[in-house]
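Good morning, and thank you for joining this session. Please bring up the sequence and the model, and we shall go through them together.

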Amino acid sequence: MTIQPVRLFGDPILRARAAEVESFDKEVRQLVTDLTDTMYESGGVGMAAPQIGVGLRVFVYDTGDAQGHLINPEFEVIGEDTQTGPEGCLSIPGVREDVTRAMTVRARGVDVDGNPVEFQAEGLLARCVQHETDHLDGVLFLQRLEPATRKEAMRTLRESSWFTRGITVLAASELGGRRRATAGKQEGSR
């Protein structure tokens, strides 16, 4: 198990588009392991590579009903139904706001061996796919908020102890402790 420090709001890697993975080697396999271990240690349901300082298009997830990873992901929205619910982010501790996302998406990418992966996701898994793909595009969930809500979220962020101390990296264990995602964990941080 290799648990990595988690990058926080203000770290430039969180706002940059991650690069496509081109080599499917032991380093990519290790990255997926590190992301998974760090996600569990942090108490999240998803984690993208930039959140541990790696600028590659890789994310992992465990919503309780589904676990895995996706490399070079993309998704398409299925239908017009949306879901609005609380979202948080391991890279923005202490801030949770309702975000509207597509209810159903079709996710595509590859696994650690470069084999194609495709699945339809609904509910929490769809939210997770959208949130983590946003991370890989340098987009934070704060940017998905309505202006007034974003302003309030930014105020909360600026008042947080980690932000006022200028901390840009936290140990995973400082973000909520080790726990595995469960099916009922609808409000987990990503």
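**Helix α2 and its surroundings**

Helix α2 is mostly covered, since 14 of its 14 residues are buried. Before I continue, please bear in mind that this is a predicted model. The helix covers residues 123-136. From its first C-alpha to its last, α2 reaches 20 Å, close to the 20 Å expected at 1.5 Å a residue. After the helix comes Gly 138, whose phi is positive, near 80°.

I turn now to the annotated positions. In an unreviewed entry, UniProt lists Glu 132 under "active site". Glu 132 is located in α2, and its relative accessible area is 0%, so this residue is buried.

The unreviewed UniProt entry also gives a "binding site" at Cys 89, His 131 and His 135. Why can these three be said to gather at one spot? They span 47 residues in sequence, yet no two of their C-alpha atoms are more than 10.0 Å apart.

Let us see what each part of the chain contributes. His 135 lies in helix α2, and with a relative accessible area of 1% this histidine is buried. Cys 89, by contrast, belongs to the loop between β5 (82-87) and β6 (97-102). Is Cys 89 buried or exposed? Its relative accessibility is 3%, and because buried means under 20%, Cys 89 counts as buried.

A biochemist may next ask about the cysteines. How many disulfides does a search of the whole structure find? The search finds zero. For Cys 89, the closest cysteine sulfur is that of Cys 128, 11 Å away, which is too far for a bond; the cut-off for a disulfide is 2.5 Å between the sulfur atoms. Cys 128 is likewise in no disulfide, its nearest cysteine sulfur being that of Cys 89. Cys 128 is buried, with a relative accessible area of 0%.

We move on to the strands. β7 (residues 104-110) and β8 (residues 116-122) run antiparallel and are joined by seven bridges. One of the pairings sets Thr 104 opposite Glu 122 of β8 as its bridge partner. The hairpin of these two strands has five residues between them, and there Gly 114 takes a positive phi near 85°.

Finally, I come to the nonpolar interior. In soluble globular proteins, nonpolar side chains tend to be buried together. Here the largest nonpolar core has 36 residues, and those with the most contacts inside it are Phe 9, Leu 35, Met 47, Val 58, Ile 92, Leu 142 and Leu 157. Two or more residues each come from α1 (26-42), β3 (58-62) and α3 (147-159). Helix α1 gives the largest share, six residues.

Which residues does Leu 142 contact, leaving aside its neighbours within four places in sequence? Leu 142 is in contact with Phe 9, Ile 92, Val 95, Arg 150, Ala 153, Met 154 and Leu 157. There is also a second, separate core of 16 residues, which includes Tyr 61, Ala 66, Cys 128 and Val 129.

To close, I return to the annotated positions. Glu 132, the listed "active site" residue, is placed by the model in helix α2. The "binding site" residues Cys 89, His 131 and His 135 gather at one spot.

Technical notes. Residues numbered from 1 in each chain as written. Predicted model: local features only at pLDDT ≥ 70, side-chain atom pairs only at ≥ 80, totals over all residues. Heavy atoms only, no water. UniProt positions renumbered as here; feature names shortened; annotations may be inferred. Helix = DSSP H or I, 4+ residues; strand = E, 2+ residues; numbered from the N terminus. Buried < 20%, exposed > 50% of the residue type's maximum accessible area, 1.4 Å probe, protein only. Expected span 1.5 Å × (residues − 1). Pairing = 2+ DSSP bridges. Core = buried A, V, L, I, M, F, W, Y, C linked by side-chain atoms within 4.5 Å. Contact = heavy atoms within 4.5 Å.
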